[in-house]
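Let's take a walk through this structure together, starting with one pair of side chains and working outwards from there.

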Amino acid sequence: MVSVTYRATREDSSVFLVSIQPRMPAPIRLRELIRTIRTARTQAEEREMIQKECAAIRSSFREEDNTYRCRNVAKLLYMHMLGYPAHFGQLECLKLIASQKFTDKRIGYLGAMLLLDERQDVHLLMTNCIKNDLNHSTQFVQGLALCTLGCMGSSEMCRDLAGEVEKLLKTSNSYLRKKAALSAVHVIRKVPELMEMFLPATKNLLNEKNHGVLHTSVVLLTEMCERSPDMLAHFRKLVPQLVRILKNLIMSGYSPEHDVSGISDPFLQVRILRLLRILGRNDDDSSEAMNDILAQVATNTETSKNVGNAILYETVLTIMDIKSESGLRVLAINILGRFLLNNDKNIRQVSLYTLVFGYVALTSLLKTVQTDHNAVQRHRSTIVDCLKDLDVSIKRRAMELSFALVNGNNIRGMMKELLYFLDSCDPEFKADCASGVFHAAEKYAPSKRWHIDTIMRVLTTAGSYVRDDAVPNLIQLITNSVEMHGYTVQRLYKALIDDISQQPLIQVSSWCIGEYGDLLVSGKCEEEEPIQVTEDEVLDVLEGILVSNLSSTVTRGYSLTAIMKLSTRFASTVNRIKKVVLVYGSSIDVELQQRAVEYNALFKKYDHMRPALLERMPVMEKTSTNGPTEIVQTNGETEPSILETKHMPNVPQPANQANDLLDLLGGNDVISVIQTAPPTKLVSAGGELLDLLGDLSLSGSVPAPGPQVSISQPPFLLDGLASQPLFNDVAAGIPPMIAYNKNGLKIDFTFERSNTNPNIAVITMHASNSTEAEMTEFVFQAAVPKTFQLQLLSPSSNIVPALNAGTVTQIIKVLNPQKQQLRMRVKLTYTHKGSSLQDLAEVNNFPPQSWQ
Amino acid sequence: MMRFMLLFSRQGKLRLQKWYTPTSERDKKKLVRELMQMVLARKPKMCSFLEWRDLKIVYKRYASLYFCCAVEEQDNELITLEVIHRFVELLDKYFGSVCELDIIFNFEKAYFILDEFLMGGEIQDTSKKSVLKAIEQADLLQEEDESPRSVLEEMGLA
C-alpha cells in the first residue's frame with residue numbers, strides 16, 4: 001500500500017521526484033501475533049514484541065477503526081494472558097459489545113469477562129448493552145449477555161437486570177432457560193434479598209425434560225434452600241418429584257446423549273442427591289421418602305469407574321446427613337470402608353485413581369466418626385494402614401481420624417501405631433501428632449507407667465516439635481504421679497545424658513531432676529533397674545546444660561533453678577551448688593542473673609528459709625481449667641467390645657451381630673454412655689449398659705471400660721495455665737427437679753451452666769435414701785438421645801446412707817448443640833437389705849431452662 | 001460452586017484462566033503462581049486433590065496440560081474430576097484430537113466452549129451434544145456475519 005505524490009517544477013514539465021509513503025498497514029492477525037511472540041527466545045525479546053504490538057493497537061484504537069477493533073482486542077486478550085497489562089482495552093470491549101456484529105459481541109463479552117470485573121470503574125457501563133442484548137432477537141446474543149451477567153455481574157448490575165433474568169426464567173426456550181437459571185443463582189448470591197422474586201418462576205422448573213434446564217434448576221433450588229429456611233420448608237414438597245427424576249435416571253436404559261461410562265447423567269444425579277440432603281436434613285418425613293432411592297443408588301451404582309464412585313460418595317454424604325434408617329447408615333459406612341480398602345489394594349499397583357478415592361473416603365469418615373463410632377471402628381485397621389501411605393493428604397486425614405478413633409479399649413494398639421508414625425513422619429505432622437498423643441494418653445492411659453513411658457517416647461523422638469504449652473502440662477502430670485517419681489526422674493536423666501538438644505525434653509528433665517534428685521541418687525527404683533549416679537554426676541549434667549550453646553534461655557533458667565533446688569536434696573555438694581549460683585550472679589543473661597542473685601541471697605541472708613522454699617511440690621489439684629469446649633467423646637467404647645465378645649449359649653437373642661448393631665444404632669434412639677473412673681471396685685458395667693438400651697441381654701465378659709487411672713477428676717486436657725473454674729458456683733437460675741423417687745430412693749437434679757460453652761448443661765445428681773437401711777454398691781447410669789452427648793463423672797461414693805443422713809452426688813454433663821428438649825433414661829442399681837435391686841426410669845420433666 | 005479454573009503447561013505457562021469470583025489482577029497473579037508451584041510439585045502417583053486455603057483444588061494432567069479447578073468445601077471432588085474430563089472431551093470433539101497448540105492458537109474458542117459448558121462456577125448443560133451444537137451454531141452465525149470484503153477495500157483504496 002503506497003500513496004504516490006508527484007511534484008512538478010515551475011519551468012518545465014520534466015520529471016522529477018516521486019515520494020512514496022507507506023500507509024498504516026492492517027493490524028496483523030491474532031494467529032500471526034501468537035506465532036511471532038512464540039518465536040521470542042528471551043523474556044526481553046518477548047517484551048519488546050509485545051510493546052511494539054501494543055503501540056500499534058493503541059494507535060488503531062485511537063483511529064476508532066471499527067473494522068479491526070475485534071482483532072485488536074483479541075490480540076490484547078492474548079497478551080493479557082501472558083501477563084501484560086491490558087486496561088487500555090476496556091472501553092474497546094464496551095464498544096464491541098455495543099456493535100451489531102455477532103463476532104464483535106462475542107469477543108467483546110469475552111474481553112469484558114476477562115478485563116471488566118466489578119472492581120473496574122467502567123463495569124457498570126455494560127449494563128445497558130447487556131439489557132438490550134437480553135432482549136435480542138438472536139438467542140446466542142441473549143446467551144452471551146446472560147453468561148456475562150451470570151459470571152461476573154456486580155450487585156448493582158444484578159439489581160438492575162434481575163427483572164430481565166426473571167422473565168427469561170419463564171421462557172420455553174430451554175437454551176435460554178438454563179442460562180437464566182444460573183444467572184438467577186448468581187443474582188441471588190450477589191443480592192440475596194432478590195431471592196423472593198424468583199420464586200414464582202421456579203414453579204414448573206422440574207417438569208422440564210431438558211437435562212440442562214433440570215440441572216440448572218436443581219442448582220437454583222439448592223441455592224435458595226441453603227439461604228432461606230422458609231424456602232427450604234416451601235420446597236420440601238418437591239422431594240417426591242426429585243426422587244422420581246432420580247429413579248428415572250437410574251432405571252432408564254442407555255441414553256447416549258447423557259451417558260458417562262454406563263451411568264445416565266451423573267452430574268444431574270449428584271446435584272439431586274445434594275438437594276435431597278438439604279431437604280431431608282432434620283425432617284423425618286422427607287428422609288423417609290428418600291430412603292428407598294438412596295438404598296437403590298447405594299447398592300446399584302457401578303464402582304469400577306470414578307464416575308460411579310462420585311455418585312456413591314454423594315449418596316453416602318446424604319445418607320449420613322439426613323434422618324436415615326440405621327440399616328442405610330451401616331450401608332453407607334461400609335461403602336466408605338470399601339473405598340478405603342480399594343485404596344489399600346491398589347497402593348501396590350500404585351493406581352492414581354484409587355489414591356484419589358482413599359482421600360475422599362477418609363474425609364467423609366472424619367465427618368461421620370462423631371456419630372457412628374462403632375461402625376467406623378470396624379475400619380480402624382484400614383485407617384491405621386493409611387498412616388503409611390505415601391501421599392501427604394492421605395496421611396494427614398488418617399492421622400486425624402486415628403486420633404478421633406482412640407478409646408480406652410484400643411489405646412495401647414493405636415498408640416503403638418501413632419508413635420511409630422511420629423517417629424517417621426514428615427516434620428509438618430510432628431507437632432500435631434505429638435499434641436494428639438499427649439491428649440489421647442491423658443484421656444485413656446491404662447496405667448501411670450504407660451503414660452509416663454509414652455510421654456518420654458514423644459519427648460525423646462519428637463522433642464523439638466512438642467508445643468511449648470506441653471511442658472507445664474507434663475510437669476503437672478509427673479507431679480501428680482507420685483509413685484512414679486523415682487522411675488520418671490531416672491528415665492529422664494538417662495534421656496538427658498544421651499541428648500541435650502531438644503528443649504522441651506531438657507526443660508521437663510531439668511525440672512524433674514531438681515525436684516526428685518534425691519530419688520535419683522538414692523540408688524533405688526521400683527519400676528526398673530536403678531542406676532547408680534552420684535550427686536556430682538547429676539550436677540555435671542545440669543551444668544552442662546547451662547553452658548551448652550544448644551540451650552535456650554528458658555532452658556537455662558530451668559536448669560539453674562533445678563541446681564538450686566538440689567541444694568536441699570543433695571547432702572554433699574551444697575558448696576559446689578553455691579559456687580555455681582555465685583558465678584551466674586554476673587551472667588550477661590538478665591534472666592539468669594536475676595535468678596542467681598536471688599538464689600545467692602537465699603544462701604546468704606535467708607538460709608533458714610531455704611528448705612521450706614525449695615520443698616517438694618505438692619500434688620496439684622486438677623481443677624479442670626477453662627473447661628472442655630466439647631464433651632469428651634465416648635468413641636463407642638462399649639460397642640466394639642460387644643462385637644468382639646462371643647455370645648453365651650444361653651442368650652435367647654438371635655446371634656446375628658449385624659442386627660445387634662442395628663438395634664444399638666437405631667432401636668431405641670438412645671446411645672449408652674459409660675461412666676468414667678468408677679470409684680471403687682468395678683461393677684461389670686458392660687453388659688448392663690447394653691440392657692439400658694432395651695433388653696438386649698448380650699452377656700459375655702466385657703472388659704471394664706474406661707481408664708484405670710485413679711485420678712479423682714475427669715481426664716480433660718488441661719491448659720495448665722488458666723485457672724478458671726468449670727462452672728459458676730451460682731446456679732444459673734435453673735430450678736432443681738426430682739428425677740426419680742421410688743422405694744425410698746430419691747434422685748434430685750440441680751443445674752448449672754458451663755461457663756465456657758452455653759450448649760453444655762451441668763447437672764448434679766443427688767441420691768438420698770429415706771429408708772432405715774443403707775443402700776450399698778449404688779451405681780447410677782444414664783443415657784440420652786442421639787443428638788446429645790453425655791458424660792458422667794465419678795460419683796462421690798457408692799453408699800447412700802440411710803434415713804437421709806447423706807447423699808451420693810455425681811456430676812452429669814450434657815452437650816446439647818441443637819437445643820433439643822432434654823430427655824434421659826436412667827438406670828439405678830444398688831444392694832438394699834441384702835438383695836440386689838435395679839430400676840429403669842425415663843426422666844422427661846427437665847425444666848426448659850436446662851436445654852433452651 | 002467452582003471458584004476458578006486454570007489451564008497451564010508443565011513449564012508454568014498459563015493457557016486459560018477463568019475466574020468466577022471478582023479477584024484483583026495482583027491477587028490473580030499471586031494465586032496462579034502459588035497454585036502452579038503446588039501442582040507442578042506433585043508426583044504422578046499422588047492423589048488428585050489438594051487442600052489450599054479454604055478451598056479444595058482438583059487437578060488432572062492431560063498430556064502437556066494441567067487442568068486445575070478450585071471448588072468449595074461442600075462440593076464433590078470426584079464429580080469435579082468428571083467436569084474436567086467433560087471439558088476436555090468437548091475440546092477434543094471441537095478441535096479433533098485436541099492438543100496444547102490448539103488451545104494456544106485458539107484460546108478464544110476454548111473460552112467460548114467453556115462458557116457454553118459452565119456459568120458462574122456451575123454446569124449449564126450435561127449433554128455433550130447440546131453444548132457442541134450451540135457452539136457450532138454460534139460459529140455459523142459468526143461466519144455469516146463476516147461479509148466478504150473486496151480486494152480494494154483491503155488495500156484501503158475504496
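Find B:Arg86 and B:Glu89 first: their side chains meet in a salt bridge, with 3.5 Å from N to O. Keep in mind that you're looking at a predicted model. Both residues sit in helix H2 of chain B, which covers residues 77-95, and they are 3 residues apart, about one turn of the helix. That spacing is worth a thought: an α-helix has 3.6 residues a turn, so residues three or four places apart point the same way. Opposite charges on side chains can then pair when their charged atoms come close.

Are the two partners buried or exposed? B:Arg86 has a relative accessible area of 3%, and because anything under 20% counts as buried, that's where it falls. B:Glu89 comes out at 28%, so it is partly exposed.

Now zoom out to the rest of chain B. It has 6 helices and 7 strands, and from the N terminus on the elements run β-β-α-β-β-β-α-α-α-β-β-α-α. Of its 158 residues, 59% count as buried. As for confidence, the chain averages a pLDDT of 91, and 92% of the residues score at least 70. The model as a whole scores ipTM 0.93 and pTM 0.62.

Which helix of chain B is largely enclosed by the rest of the structure? Look at H4, residues 107-117: 10 of its 11 residues are buried, so the rest of the structure largely encloses it. Aromatic side chains are on the list of buried residues, including B:Phe107, B:Tyr111, B:Phe112 and B:Phe117. So are B:Ala110, B:Ile113 and B:Leu114. You'll also find acidic residues among the buried ones in H4(B), namely B:Glu108, B:Asp115 and B:Glu116.

For a contrast, move to the surface of chain B. B:Arg26, B:Lys29, B:Lys30 and B:Arg33 form a positive patch there. One of them, B:Arg26, belongs to helix H1 of chain B, residues 25-40. Its relative accessibility is 71%, so B:Arg26 counts as exposed.

Chain A has a patch of the opposite sign. A:Asp284, A:Asp285, A:Glu288, A:Asp292 and A:Glu325 gather on the surface as a patch of negative charge. Take A:Asp285 as your way in: you'll find it in helix H14 of chain A, residues 284-300. A:Asp285 counts as exposed because its relative accessibility is 61%.

Back to salt bridges, of which the structure holds 51 over all chains. Where do the two chains get joined by one of them? Look for B:Glu122 and A:Arg271, whose closest N and O atoms are 2.8 Å apart. B:Glu122 lies in strand S7 of chain B (residues 122-123) and A:Arg271 in helix H13 of chain A (residues 266-280), so the pair joins two chains. Both B:Glu122 and A:Arg271 are buried. This pair also has company: B:Glu122 and A:Arg271 are linked with A:Arg189, A:Glu223 and A:Arg227 in a network of salt bridges.

Another pair to look up stays inside chain A. The side chains of A:Arg69 and A:Glu92 form a salt bridge, 2.8 Å from N to O. The two are 23 residues apart and link distant parts of the chain, with A:Arg69 in helix H3 (residues 66-81) and A:Glu92 in helix H4 (residues 90-98) of chain A. A:Arg69 is at 6% relative accessibility, so it counts as buried. A:Glu92, also at 6%, counts as buried too.

To finish, here's a backbone detail in two loops of chain A. A:Asn743 has a positive phi of about 55°, although it is not a glycine. You'll see A:Asn743 in the loop between strand S6 (737-742) and strand S7 (745-753) of chain A. At 60% relative accessibility, it counts as exposed.

A:Asn804 is also not a glycine, and its phi is positive as well, about 55°. Its loop runs between strand S10 (789-792) and strand S11 (808-815) of chain A. How exposed is A:Asn804? Its relative accessible area is 48%, so A:Asn804 is partly exposed.

Key: Residues numbered from 1 in each chain as written. Chains lettered and ligands numbered in written order. Predicted model: local features only at pLDDT ≥ 70, side-chain atom pairs only at ≥ 80, totals over all residues. Heavy atoms only, no water. Patch = residues over 30% accessible without salt bridge, like charges linked within 9 Å, V, L, I, M, F, W, Y side chains within 5 Å. Areas by Shrake-Rupley, 256 points an atom, 1.4 Å probe, with all protein chains shown as cover. Salt bridge = Lys/Arg side-chain N within 4 Å of Asp/Glu carboxyl O. Lys, Arg positive; Asp, Glu negative; His and termini not counted. Charge placed at Lys NZ, Arg CZ, Asp CG, Glu CD. Helix = DSSP H or I, 4+ residues; strand = E, 2+ residues; numbered from the N terminus. Buried < 20%, exposed > 50% of the residue type's maximum accessible area, 1.4 Å probe, protein only. pLDDT = per-residue confidence, 0-100.
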